[in-house]
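Trainee: Could you pick one part of this model and go through it slowly with me? I'd like to know what it touches and how it sits against its surroundings.

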Amino acid sequence: MAKKSWSDLSPTQRKVVVVAGVVETVLSAWALRDLKRRPAAAVRGPKALWLPALAVQPVGPIAYLTVGRRKDA
C-alpha cells in the first residue's frame, strides 16, 4: 500500500489523525507527570525503565497508567 500524504486524506480521516495525536500527547504528558511525582515505592518496577517505555507510542503510556502504578501505595 502506498503511503498517503495529508492532502490525500479525507476531512474525516484528517480529524481522526488530529484527535488521535492529541489523545496520545495528553496520555504521554499525564503518564510522564505522574511518573515524576509518584514515589518509587508506588511504581511497579524501576522508574528509570518506565521513562523510556513512555516513548513507545501509544503502548508505553497506556501500560504505565494501567499496570505501572501501584494502587495500594
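**A closer look**

Mentor: Let's start with Leu 35, which lies in helix α1. Bear in mind that we're looking at a predicted model. Is Leu 35 buried or exposed? Its relative accessibility is 4%, and buried means under 20%, so Leu 35 counts as buried. Now look at what surrounds that side chain. If you skip the neighbours within four places in sequence, Leu 35 is in contact with Val 43, Lys 47, Trp 50, Leu 51, Leu 54 and Tyr 64. For a sense of distance, try Met 1: it is 34 residues away from Leu 35 along the chain, and the two C-alpha atoms are separated by 39 Å.

Now zoom out to the helix itself. Helix α1 runs over residues 11-37, which makes 27 residues. From the first C-alpha to the last, α1 reaches 39 Å, close to the 39 Å expected at 1.5 Å a residue. Leu 35 has company on the inside, since Ser 28, Ala 31 and Asp 34 of α1 are buried as well. It helps to recall that an α-helix has 3.6 residues a turn, so residues three or four places apart point the same way. And what do the buried residues of α1 pack against? They pack against α2, residues 47-53, and against α3.

Let's stay with α3 for a bit. That helix covers residues 59-68, and its axis comes within 9 Å of the axis of α1. The two axes cross at roughly 50°. Angles under 35 degrees would count as roughly parallel and 65 to 115 as roughly perpendicular; α1 and α3 are therefore oblique to each other. As for the hand, α1 passes α3 in a left-handed crossing. On the α1 side, the contact is made by Leu 27, Ser 28, Trp 30, Ala 31, Asp 34 and Leu 35. The α3 side brings Pro 61, Ile 62, Tyr 64 and Leu 65. Sort the contact by class and you get eight nonpolar residues, one polar and one charged.

Leu 27 is worth a stop here. It also has its place in helix α1, yet Leu 27 is partly exposed, with a relative accessible area of 22%. Setting aside neighbours within four places in sequence, Leu 27 is in contact with Pro 61, Ile 62 and Leu 65. Go ten residues on and you reach Arg 37, whose C-alpha is 15 Å from that of Leu 27. Arg 37 lies in α1 too, but at 60% relative accessibility it counts as exposed.

While you're around α3, check the loop between α2 and α3, where Pro 58 lies. The peptide bond from Gln 57 to Pro 58 is cis, with omega near -10°.

Last, have a look at Trp 6, found in the segment before α1. Trp 6 is partly exposed, with a relative accessible area of 45%. Not counting residues up to four places away in sequence, Trp 6 touches Arg 14, Val 17 and Val 18. Compare that with its distance to Lys 36: Trp 6 and Lys 36 are 30 residues apart in sequence and 35 Å apart in space, C-alpha to C-alpha.

So, to pull the picture together: α1 has buried residues that pack against α2 and α3, and Leu 35 is one of those buried residues.

How values were computed: Residues numbered from 1 in each chain as written. Predicted model: local features only at pLDDT ≥ 70, side-chain atom pairs only at ≥ 80, totals over all residues. Heavy atoms only, no water. Axes fitted to C-alpha atoms, helices over the stretch in contact; angles between N-to-C directions. Helix = DSSP H or I, 4+ residues; strand = E, 2+ residues; numbered from the N terminus. Parallel < 35°, antiparallel > 145°, perpendicular 65-115°, else oblique. Left-handed = near helix turned anticlockwise from the far one by under 90°. Contact = heavy atoms within 4.5 Å. Nonpolar A, V, L, I, M, F, W, Y, C, P; charged D, E, K, R; others polar. Expected span 1.5 Å × (residues − 1). Buried < 20%, exposed > 50% of the residue type's maximum accessible area, 1.4 Å probe, protein only.
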